[in-house]
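Me: I am in my first year, and I would like to understand how the words used for a protein model follow from its values. Could we go through one model together, with the reasoning set out at each step?

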Amino acid sequence: MMSEHSVEVEVACSAEEVYDLWKNIENVPRWIPLVKEVKILPGTEELSRWKFGLGFPLLTEWTSRITQRIPQKLIAWESVSGLPNSGCAEFFPTERGCRLRLTLAFELPKGIVGAFLEAIGIDRWLEANLVESLHRFQSLIEEEVLRQKTL
């Protein structure tokens, strides 16, 4: 079963500043605690190895490929091995700065593990974590951009 979530945050920084921080996907663990590590694979900017979860034994890995990049507008990806997933980060200029929309879709495990995750409300839990992660991103980038402007 595919689970999809889309969350948004308004950031008081330009779409260019938001995109520039987001495009280096090795930064993602700074604002999404469930992402333990992202490493761009040698020889390519498009493939990366992800570690995701709460920690052992609740940890999964996958290799992801950037499928589309439109500077200051969109970064899209999909997994090519490991946990089936896909997503995109979209950047919309606003009067205040930038609205960031993050959409993630992933395959829930089948069988007893999948049934257990559904029973404990994994969808609500993940959505709350994504909202919290985007607010963490918002605080982080607003502080970094303000610090750079005051130097």
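Reply: What follows is a set of questions and answers on this structure, which is a predicted model.

Me: What makes β5 and β6 a pair of strands?

Reply: Two strands are said to pair if at least two bridges are found between them. Strand β5, residues 74-82, and strand β6, residues 85-93, are joined by five bridges in the antiparallel sense, so the requirement of at least two is met. Within this pairing, I75 is placed opposite A89 of β6, and the two strands are connected by a hairpin of two residues.

Me: How do you know that β6 also pairs with β7?

Reply: The reasoning rests on the bridges again: β6 and β7, the latter being residues 98-107, run antiparallel and are joined by nine bridges, where at least two are asked for. One of the partnerships sets F91 against L100 in β7. The hairpin of β6 and β7 has four residues between the strands, and in this hairpin G97 has a positive phi near 160°.

Me: Why is A89 called buried?

Reply: A residue counts as buried when its relative accessible area is under 20%. A89, which is located in strand β6, has a relative accessible area of 0%, and therefore it is buried. Leaving out residues up to four places away in sequence, A89 touches W22, K73, L74, I75, W77, L100 and R101. The C-alpha atoms of A89 and I25 are separated by 11 Å, although these residues are 64 residues apart along the chain.

Me: Is I32 buried or exposed, and what makes it so?

Reply: I32 has 10% relative accessibility, and because the limit for buried is under 20%, I32 counts as buried. This residue sits in the loop between α1 (15-23) and β2 (35-40). Apart from neighbours within four places in sequence, I32 is in contact with L102 and S133. The C-alpha atoms of I32 and V131 lie 9.8 Å from each other, while the two residues are 99 residues apart along the chain.

Me: How many aromatic pairs does the structure hold, and why is the pair of W22 and F137 called edge-to-face?

Reply: There are six aromatic pairs in the structure. For W22 and F137, the ring centres are 5.1 Å apart, which is within the 6.5 Å that a pair requires, and the planes stand at 75°, which is over 60, so the pair is edge-to-face. W22 belongs to helix α1 and F137 to helix α3, so that the pair links distant parts of the chain, 115 residues apart. Both residues are buried, because W22 has 3% relative accessibility and F137 has 0%. Ring pairs also bring W22, W31 and F137 into a cluster.

Me: Why is the pair of W50 and W62 called stacked?

Reply: The ring centres of W50 and W62 are 5.8 Å apart and their planes are at 10°, which is under 30 degrees, so the pair is stacked. W50 is in strand β3 and W62 in strand β4, so the pair ties together parts that are 12 residues apart in sequence. W50 is buried at a relative accessible area of 9%, and W62 is buried at 6%.

Me: What makes an empty space a cavity, and which residues line the largest cavity?

Reply: In a cavity a 1.4 Å probe fits but cannot get out, whereas a pocket is an open set. The count comes to one cavity of 30 Å³ or more, and the volume of the largest cavity is about 30 Å³. Its lining consists of I25, E46, S48, W50, S64, I66 and W77, and by class these are four nonpolar, two polar and one charged.

Me: What is known about the largest pocket?

Reply: The largest pocket holds about 860 Å³ of space. It is lined by 37 residues, of which F52, G53, T60, L83 and L126 are the closest to its centre. The largest share of this lining, six residues, is supplied by α3. By class, the lining of the largest pocket has 30 nonpolar, six polar and one charged residues.

Definitions and conventions: Residues numbered from 1 in each chain as written. Predicted model: local features only at pLDDT ≥ 70, side-chain atom pairs only at ≥ 80, totals over all residues. Heavy atoms only, no water. 1 Å grid on protein atoms, 1.4 Å probe; cavity = no way out; pocket = protein on both sides within 12 Å on 5 of 7 lines; lining within 4 Å. Points joined across faces, edges and corners; volume = space filled by probe spheres on them. Nonpolar A, V, L, I, M, F, W, Y, C, P; charged D, E, K, R; others polar. Buried < 20%, exposed > 50% of the residue type's maximum accessible area, 1.4 Å probe, protein only. Contact = heavy atoms within 4.5 Å.
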